[in-house]
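Colleague: I want to go through the labels on this model and hear the reasoning behind each one. Show me the structure, then I will ask.

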Amino acid sequence: MQTTETSVELSLEAGVATLTLNRPQRLNSFNPAMHQALAAALDRLRDDVEVRVLVLTGAGRAFCAGQDLSDRAVLPGQQAVDLGQSIEDYYAPLVRRLRDMPKPVIAAVNGVAAGAGANIALACDLVIAARSARFTQAFSKVGLMPDSGGSYWLPRLLGQARAMGLALLAEPLPAEQAEEWGLIWRCVDDEDFPAAVRQLAEQLAGGPTLAYARIKRALQASEGNSLEQQLQLERDTQRELGFSADYREGVAAFLAKRPPRFGGQ
């Protein structure tokens with residue numbers, strides 16, 4: 001199945017939903033129409049039982065260059081734009097949708113990931129990048145600070161020193177170094193990138209979807225939980241998963257020495 005929703009393309013095959021940001025002439029930078037199309041697509045996919053994994057990528061040579069500044073340019077004499085309202089209306093809800101998706105979300109970073117584009121990628125569960133890709137916290141170049149979760153992800157993933165350097169200096173971080181620093185899951189050669197994304201997506205699409213959803217929830221909760229709270233969460237979640245069909249299938253497959261056939265429930 002393949003459909004086009006204005007500036008976002010959606011395809012679904014064998015449990016893998018692929019959302020492609022499709023404004024290549026603007027390096028897939030965000031405008032309100034693309035925000036709305038992406039939000040609608042994510043809401044549609046959230047509860048679709050046929051979707052076992054979601055891949056977010058970009059058309060052309062960029063993943064996403066962040067906000068389309070030409071869409072809201074502030075020239076001398078013009079009224080200032082309320083950027084806080086833009087975050088409230090678009091970027092914060094997008095981060096929440098990605099984080100709350102009850103199935104794995106892969107950011108397939110095929111090229112430039114700058115500003116909000118870099119941080120939207122970091123909001124996904126796994127980030128796989130082509131070796132030519134670059135991650136740039138470009139905000140300070142226009143007198144702004146990292147948003148779309150950037151001020152949250154960077155110090156947690158990299159520590160204060162590296163996070164501060166990236167945010168203040170706005171220097172591009174090559175994908176290979178992003179992998180070495182622990183910012184992303186994996187960097188692969190450009191020629192191997194499509195196959196690597198496909199293999200990763202197919203692996204997750206065939207996995208225990210309910211368990212993946214609970215893994216996401218538990219790891220996200222650990223950022224604010226005490227050890228005692230996390231132990232209680234593990235107890236309650238493992239109790240739920242222990243009654244799932246996928247757990248019974250996983251044990252049966254292990255004992256029979258065969259690959260499991262997970263149904264996602």
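**Labels and the values behind them**

Modeller: Start with Glu240, which is partly exposed because its relative accessible area is 32%, and partly exposed covers what lies between under 20% for buried and over 50% for exposed. Keep in mind that this is a predicted model.

Colleague: Why is Arg214 called buried?

Modeller: Arg214 has a relative accessible area of 19%. Buried means under 20%. Therefore Arg214 counts as buried.

Colleague: What makes Glu240 and Arg214 a salt bridge?

Modeller: The closest N and O atoms are 2.8 Å apart. The cut-off is within 4 Å, so the pair qualifies. Glu240 lies in helix 9 (residues 227-242) and Arg214 in helix 8 (residues 209-221). They are 26 residues apart, and the pair links distant parts of the chain.

Colleague: How many salt bridges does a search of the whole structure find?

Modeller: The search finds 13. Among them is the one between Asp43 and Arg97, with the closest N and O atoms 2.9 Å apart. Asp43 lies in helix 1 and Arg97 in helix 2, so this pair ties together parts that are 54 residues apart in sequence.

Colleague: Why are Asp43 and Arg97 called partly exposed?

Modeller: Asp43 has a relative accessible area of 43%. Arg97 has 28%. The class runs between the limits of under 20% for buried and over 50% for exposed. Both values fall there, so Asp43 and Arg97 are partly exposed.

Colleague: How do you know that Arg46 and Asp47 meet in a salt bridge?

Modeller: Their N to O distance is 3.9 Å. That is within 4 Å, so the contact counts.

Colleague: Which accessibility classes do Arg46 and Asp47 fall into, and why?

Modeller: Arg46 counts as partly exposed because its relative accessibility is 34%. Asp47 has a relative accessible area of 61%. Exposed means over 50%, so Asp47 is exposed.

Colleague: Which residues does Arg23 share a network of salt bridges with?

Modeller: Arg23, Arg26 and Asp68 are linked in that network.

Colleague: Turn to the rings. What makes Phe30 and Tyr91 an edge-to-face pair?

Modeller: A search of the whole structure finds 2 aromatic pairs. In the pair of Phe30 and Tyr91, the centres are 5.7 Å apart and the planes are at 80°. Centres must lie within 6.5 Å, and edge-to-face needs over 60 degrees, so both conditions are met. Phe30 sits in the loop between strand 3 (16-21) and helix 1 (32-46), Tyr91 in helix 2 (residues 83-100). The two are 61 residues apart. Phe30 and Tyr91 are buried.

Colleague: What about Tyr152 and Trp153: why is that pair edge-to-face?

Modeller: The values are 5.3 Å centre to centre and 85° between the planes. With cut-offs of within 6.5 Å and over 60 degrees, the conclusion is therefore edge-to-face. Trp153 is buried because its relative accessible area is 7%. Tyr152 is at 29%, so it counts as partly exposed.

Colleague: What sits over the ring of Tyr152?

Modeller: The charged end of Arg156 does, 3.7 Å from the ring centre. The distance limit is within 6 Å, so that part of the test is passed.

Colleague: What makes strand 5 (62-64) and strand 10 (173-174) edge strands?

Modeller: Each pairs on one side only. They belong to an open sheet of 4 strands in the order 5-7-9-10, with mixed pairing.

Colleague: How do you know that strand 5 pairs with strand 7 (residues 112-114)?

Modeller: They share 2 bridges in the parallel sense. Pairing takes at least two, so the condition is met. One place to look is Ala62, whose bridge partner in strand 7 is Val112.

Colleague: Why is strand 8 (residues 126-130) described as mostly covered?

Modeller: In strand 8, 4 of its 5 residues are buried. Strand 8 also pairs in the parallel sense with strand 6 (residues 105-109), over 4 bridges. A further 3 bridges join strand 8 to strand 11 (residues 186-188), again parallel. Ile128 is the bridge partner of Ala108, and the partner of Ile128 in strand 11 is Arg186.

Colleague: Last one. Why is Phe254 called exposed?

Modeller: Phe254 is at 67% relative accessibility. Over 50% means exposed, so the label holds. Phe254 lies in helix 10 (residues 245-256). With Tyr247, Val251 and Leu255, Phe254 makes a nonpolar surface patch of about 470 Å².

Conventions
Residues numbered from 1 in each chain as written. Predicted model: local features only at pLDDT ≥ 70, side-chain atom pairs only at ≥ 80, totals over all residues. Heavy atoms only, no water. Patch = residues over 30% accessible without salt bridge, like charges linked within 9 Å, V, L, I, M, F, W, Y side chains within 5 Å. Areas by Shrake-Rupley, 256 points an atom, 1.4 Å probe, with all protein chains shown as cover. Salt bridge = Lys/Arg side-chain N within 4 Å of Asp/Glu carboxyl O. Buried < 20%, exposed > 50% of the residue type's maximum accessible area, 1.4 Å probe, protein only. Phe/Tyr/Trp six-rings, centres within 6.5 Å; stacked < 30°, edge-to-face > 60°. Lys NZ or Arg CZ within 6 Å of the ring centre and 35° of its normal.
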